[in-house]
Amino acid sequence: MYKNIVLAYDGSKFSNKALKEAINIAKSSGGGLLILSVVDITDEFESQAPGLTDKMTEKLLKLAQKALAKALTAKVKAKVEVHVGDAYEMIVDISKKKKADIIIMGSHGRTGLTRLLMGSVTSRVIGHAPCSVLVVKA
């Protein structure tokens with residue numbers, strides 16, 4: 001059913017809950033899991049804090065590798081990719097390239113003004129995804 005599963009992963013408690021769900025789905029469907037992390041830092045921010053992108057990439061890679069270890073321990077075929085760019089665009093683009101059957105992501109549960117001001121990666125992914133999106137609430 002789900003052979004190509006993409007997990008949007010940032011190391012938060014929300015994405016760790018989504019990781020558990022992704023592992024369960026991959027095990028039950030015999031699918032492969034791509035643990036995808038995206039460093040989402042604007043050029044303006046990087047110019048104010050040189051080297052931040054590299055530090056964030058390294059941090060996300062370490063977190064994603066811990067998630068990978070959990071998936072491999074559960075006997076799930078999995079791999080990790082870390083990209084730099086706009087989070088929702090990268091999740092959608094990589095999912096298209098990998099021919100994902102489903103994208104799994106956690107929801108931070110922001111509502112109201114906070115969501116309006118910050119936007120929602122999850123809602124943007126849902127609106128542009130090439131496949132089904134499973135949003136796991138923490």
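Is Lys75 buried or exposed? I looked this up first in the predicted model. Lys75 is exposed, with a relative accessible area of 73%. I located the residue in the loop between H3 and E3. Its phi is positive, about 65°, although Lys75 is not a glycine.

**Entry: Lys99**

I then turned to Lys99, in the loop between H4 and E4. Lys99 is not a glycine, yet I read a positive phi of about 55°. The residue comes just after H4. I noted a relative accessible area of 64%, so Lys99 is exposed.

**Entry: helix H4**

Which residues of H4 are buried? I listed Ala87, Tyr88, Met90, Ile91, Val92, Ile94 and Ser95. I followed their packing and found E1, E2, E3, E4 and helix H6 (121-128) as the partners of these buried residues. At the N-terminal end of H4 I found a cap formed by Asp86. One of its side-chain oxygens lies 3.3 Å from the backbone nitrogen of Tyr88.

**Entry: salt bridges**

How many salt bridges does the model hold? I count two.

I examined Glu58 and Lys62, whose side chains meet with an N to O distance of 3.6 Å. Both residues belong to helix H3 (residues 52-73). They are separated by about one helical turn because they stand four residues apart in that helix. An α-helix has 3.6 residues a turn, so residues three or four places apart point the same way. Glu58 is partly exposed, at 49% relative accessibility.

I next examined Glu81 and Lys98, which form a salt bridge at 2.9 Å, N to O. This pair links distant parts of the chain, 17 residues apart. I placed Glu81 in strand E3 (residues 78-84) and Lys98 in the loop between helix H4 (87-97) and strand E4 (102-107). Glu81 has a relative accessible area of 17% and is therefore buried, the cut-off being under 20%. Lys98, with 32%, is partly exposed.

**Entry: nonpolar cores**

I asked which residues of the largest nonpolar core touch the most other members. They are Leu7, Leu33, Ile35 and Ile104, in a core of 21 residues. Strand E1 (4-8), helix H1 (13-29), strand E2 (32-39), H3 and E4 each give two or more residues to this core. I noted that H1 provides the largest share, six residues.

I then listed the contacts of Ile104, leaving aside its neighbours within four places in sequence. Ile104 is in contact with Ile5, Val6, Leu7, Ala8, Ala18, Ala22, Ile25, Leu134 and Val136. Apart from the largest core I found another, of 16 residues, with Val6, Ala8, Ala100 and Met105 among them.

**Entry: Ser107 and Thr122**

Where is Ser107 found? I placed Ser107 in strand E4, and its relative accessibility of 13% counts as buried. Beyond the residues within four places in sequence, I found Ser107 in contact with Phe14, Thr122, Val135, Val136, Lys137 and Ala138.

I followed one of these contacts to Thr122, which lies in helix H6. Thr122 also counts as buried, at 13% relative accessibility. Not counting residues up to four places away in sequence, Thr122 touches Met105, Gly106, Ser107 and Val135. I noted that Val135 appears among the contacts of Ser107 and of Thr122.

How values were computed
Residues are numbered from 1 along each chain as its sequence is written. This is a predicted model: local features need pLDDT of at least 70, side-chain atom pairs count only at pLDDT 80 or more; totals for chains, interfaces and linings use all residues. Side-chain values use heavy atoms; hydrogens and water are left out. A salt bridge is a side-chain nitrogen of Lys or Arg within 4 Å of a carboxyl oxygen of Asp or Glu. Buried means under 20% relative accessible area, exposed over 50%, partly exposed in between (1.4 Å probe, protein chains only). A nonpolar core is a set of buried Ala, Val, Leu, Ile, Met, Phe, Trp, Tyr and Cys residues joined through side-chain atoms within 4.5 Å. Contact means heavy atoms within 4.5 Å. A polar contact is a pair of N or O atoms within 3.5 Å; within protein, one must be able to donate a hydrogen and the other to accept it, and residues adjacent in sequence count only if both atoms are side-chain atoms.
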